[in-house]
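Here is a short, friendly walk through one model, from a single side chain out to a sheet and then to the nucleic acid. Keep the viewer open as you read.

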Protein chains: 2
Amino acid sequence: MVRNEMSECSSHIPLYSKIRDELRAHIFAGDTRPHEKMPSESELITKYGVSRITVRQALSELEKEGLLFKVAGKGSYVSKVKPFQGLGRLQGFAEAMSSHGYEVYNRVLSINLLSASPEIAKRLSLPEGSLISEIRRVRFLNREPVSVDVSYISSHIGERLVREDLGVRDIFHILENDYAISLGYADLTIDASLADTQQAELLQVDSGSPLLRVERLTHTLEGLPLVIEYLHYHADNFQLRLKIER
Amino acid sequence: MVRNEMSECSSHIPLYSKIRDELRAHIFAGDTRPHEKMPSESELITKYGVSRITVRQALSELEKEGLLFKVAGKGSYVSKVKPFQGLGRLQGFAEAMSSHGYEVYNRVLSINLLSASPEIAKRLSLPEGSLISEIRRVRFLNREPVSVDVSYISSHIGERLVREDLGVRDIFHILENDYAISLGYADLTIDASLADTQQAELLQVDSGSPLLRVERLTHTLEGLPLVIEYLHYHADNFQLRLKIER
DNA sequence: TACCATTACTTGTTATGACAAGTTATAAAC
DNA sequence: GTTTATAACTTGTCATAACAAGTAATGGTA
């Protein structure tokens with residue numbers, strides 16, 4: 001068959017990924033709501049003028065991402081998804097989410113310079129009363145707030161971070177690429193809490209809603225504690241996932 | 001083309017799933033070690049006598065499972081399994097806690113035989129409506145209730161479990177030592193919820209208290225889903241901890 | 001020897017075709 | 001009217017085919 005018209009574009013982007021991204025955008029935009037039926041394969045074939053194997057690959061990837069599920073003999077349906085962050089590797093929030101096609105944005109609430117509390121100082125192996133930077137942010141996924149994030153890092157690094165664009169970039173990304181600080185591992189402590197008034201307002205939920213609370217202490221490649229974060233996720237909209245070996 | 005010989009079997013198991021399962025068993029058995037090259041697509045085509053689309057589907061699913069990765073122009077390679085420390089290991093509750101000196105006790109609330117819901121059936125890769133056993137327990141740590149645990153397992157195994165002493169023994173322990181079923185890995189999904197009336201009473205907390213909710217799907221060493229559990233931890237008394245590598 | 005082109009592999013992408021099997025609405029039979 | 005059979009959808013599975021593109025080894029040329 002003759003080369004398809006859609007591939008006329010100078011870039012060599014596969015057709016299926018273009019279709020996949022377009023369908024995903026539709027889902028994120030809410031054009032097709034959860035549990036509603038997606039266009040059938042034959043409809044997509046005629047709409048995009050491609051073969052069945054191509055639309056199936058697009059749909060298959062969206063299914064793999066958890067955005068839709070298929071029922072044999074009926075069709076594909078948008079699933080009610082909770083976005084999730086995999087804990088298989090140490091990743092920043094934006095890093096993990098944008099690879100799944102999500103739009104990520106951080107609203108910086110405040111950046112303060114203060115002296116480390118005993119708790120923080122101990123975790124970061126700093127002398128008590130050391131100058132540290134406190135960064136308060138709200139994380140948005142597809143324009144919906146999903147977490148309130150408070151980070152503490154030595155002011156020596158924190159003062160440089162102030163000048164960075166924390167609205168779109170991960171702190172992890174800045175540390176590794178701009179500051180050449182290699183990250184090694186993180187210790188996570190996970191539990192749950194109830195949203196207080198301030199958290200509720202920031203996350204646009206009712207006060208007393210369940211929050212997934214994560215304390216993350218990230219270490220450099222050399223094993224030195226670098227940054228400690230207290231993350232409060234809106235549990236109705238977010239999950240953590242991991243695989244563990246026996 | 002003539003129907004393939006592999007499909008002569010009375011059961012209507014797809015060819016790709018047969019190939020997928022066989023390759024996965026090879027990987028888990030260590031026949032092909034991490035970073036070693038898997039057979040190429042053409043080798044698998046001749047070996048199994050199927051078309052390329054079929055072996056690609058098998059390989060694609062294994063890639064989705066994280067068991068292998070592909071390099072264009074080179075081949076497929078077995079992924080390295082990242083070892084986890086501490087609570088990153090798949091352990092039964094009693095197994096993990098008693099090694100830390102805690103006194104563990106399980107109160108069995110009920111054991112029911114019922115037909116699998118679509119959700120459960122899908123997770124356990126069983127036909128919808130299959131007979132499964134539901135085991136409801138409350139877990140005690142030093143005589144204080146810490147979690148409500150609902151487990152679902154194929155009735156074929158569940159009916160044997162009824163006769164075991166689930167009050168002190170881990171299901172994991174029974175499966176491995178008494179039934180000789182080797183466990184491989186588990187997929188965990190973590191979020192938070194609020195205690196409903198029943199959960200609150202069982203955990204002796206106020207209704208509406210924050211609960212850490214964990215869904216754990218445990219697989220055999222061969223990679224087949226075995227048991228799915230819904231664990232609700234009393235968040236004030238329990239935390240999950242893990243270490244993540246960059 | 002160093003470099004480059006060819007070649008022979010690999011996976012990636014896509015088309016076309018076919019039949020199986022699950023679902024649903026319609027029409028025919030009772 | 002109720003049931004049943006059929007038709008018309010849907011997704012699932014699989015074969016064959018072709019070309020693109022990435023990788024590596026081989027060989028020939030400068």
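The side chain of Arg216(A) makes a polar contact with the side chain of Glu229(A), at 2.9 Å. Please keep in mind that this is a predicted model, and the distances are computed from its atoms. A polar atom of the Arg216(A) side chain also lies 3.3 Å from the backbone oxygen of Gln91(A).

Where does Arg216(A) sit? It is found in strand β8 of chain A. Arg216(A) has a relative accessibility of 8% and therefore counts as buried, the cut-off being under 20%. Leaving aside residues up to four places away in sequence, Arg216(A) touches a mixed set of residues, including Gln85(A), Leu90(A), Phe172(A), Asp187(A), Leu188(A), Val227(A) and Leu231(A).

**The sheet around it**

Strand β8(A) belongs to an open sheet of 7 strands with antiparallel pairing, in the order β4(A)-β5(A)-β6(A)-β9(A)-β8(A)-β7(A)-β9(B). Which strands stand at the edges? They are β4 (104–115) of chain A and β9 (240–245) of chain B; each has a single partner strand, so one side of each is left without a neighbour in the sheet. On average, neighbouring strands of this sheet are turned by 20° against each other, direction ignored.

The last strand in that order comes from chain B. Strand β7 (residues 183–194) of chain A pairs with β9(B) in the antiparallel sense over 6 bridges. Within β9(B), Glu245(B) stands opposite Tyr185(A).

A helix also meets this sheet: α7 (residues 171–178) of chain A lies across β5 (131–141), β6 (144–154), β7, β8 (210–220) and β9 (225–234) of chain A. Helix α7(A) runs at about 170° to β7(A).

**The DNA strands**

Now for the nucleic acid. DNA strand C is surrounded by 27 residues, the closest being Leu15(A), Tyr16(A), Ser51(A), Thr54(A) and Arg52(B). DNA strand D is likewise surrounded by 27 residues, and here the closest are Arg52(A), Leu15(B), Tyr16(B), Ser51(B) and Thr54(B). Sugar and phosphate account for 72% of the atoms of DNA strand D that come within 4 Å of the protein. For DNA strand C, 73% of the atoms within 4 Å of the protein belong to sugar or phosphate, and the rest to bases.

Some of the polar atom pairs are listed here.

| Protein group | DNA atom | Distance |
|---|---|---|
| Tyr16(A) side chain | phosphate oxygen, DNA strand C | 2.7 Å |
| Ser51(A) side chain | phosphate oxygen, DNA strand C | 2.5 Å |
| Thr54(A) side chain | phosphate oxygen, DNA strand C | 2.5 Å |
| Leu15(B) backbone | phosphate oxygen, DNA strand D | 2.4 Å |
| Gly73(B) backbone | base nitrogen, DNA strand D | 2.9 Å |
| Lys74(B) side chain | phosphate oxygen, DNA strand D | 3.1 Å |

Which element gives the most to the surface near DNA strand D? That is α3(B), with 4 residues. Near DNA strand C, the largest share of the surface, 4 residues, comes from α3(A). By class, the surface near DNA strand C divides into 9 nonpolar, 11 polar and 7 charged residues, and the surface near DNA strand D has 9 nonpolar, 11 polar and 7 charged residues.

Helix α3 of chain A also holds Ser60(A). With 34% relative accessibility, Ser60(A) counts as partly exposed. The C-alpha atom of Ser60(A) is separated by 9.2 Å from that of Lys70(A), which is 10 residues apart from it along the chain.

How values were computed
Residues numbered from 1 in each chain as written. Chains lettered and ligands numbered in written order. Predicted model: local features only at pLDDT ≥ 70, side-chain atom pairs only at ≥ 80, totals over all residues. Heavy atoms only, no water. Pairing = 2+ DSSP bridges. Helix = DSSP H or I, 4+ residues; strand = E, 2+ residues; numbered from the N terminus. Axes fitted to C-alpha atoms, helices over the stretch in contact; angles between N-to-C directions. Contact = heavy atoms within 4.5 Å. Buried < 20%, exposed > 50% of the residue type's maximum accessible area, 1.4 Å probe, protein only. Polar contact = N/O pair within 3.5 Å; in protein donor to acceptor, adjacent residues only side chain to side chain. Near = heavy atom within 4 Å. Nonpolar A, V, L, I, M, F, W, Y, C, P; charged D, E, K, R; others polar.
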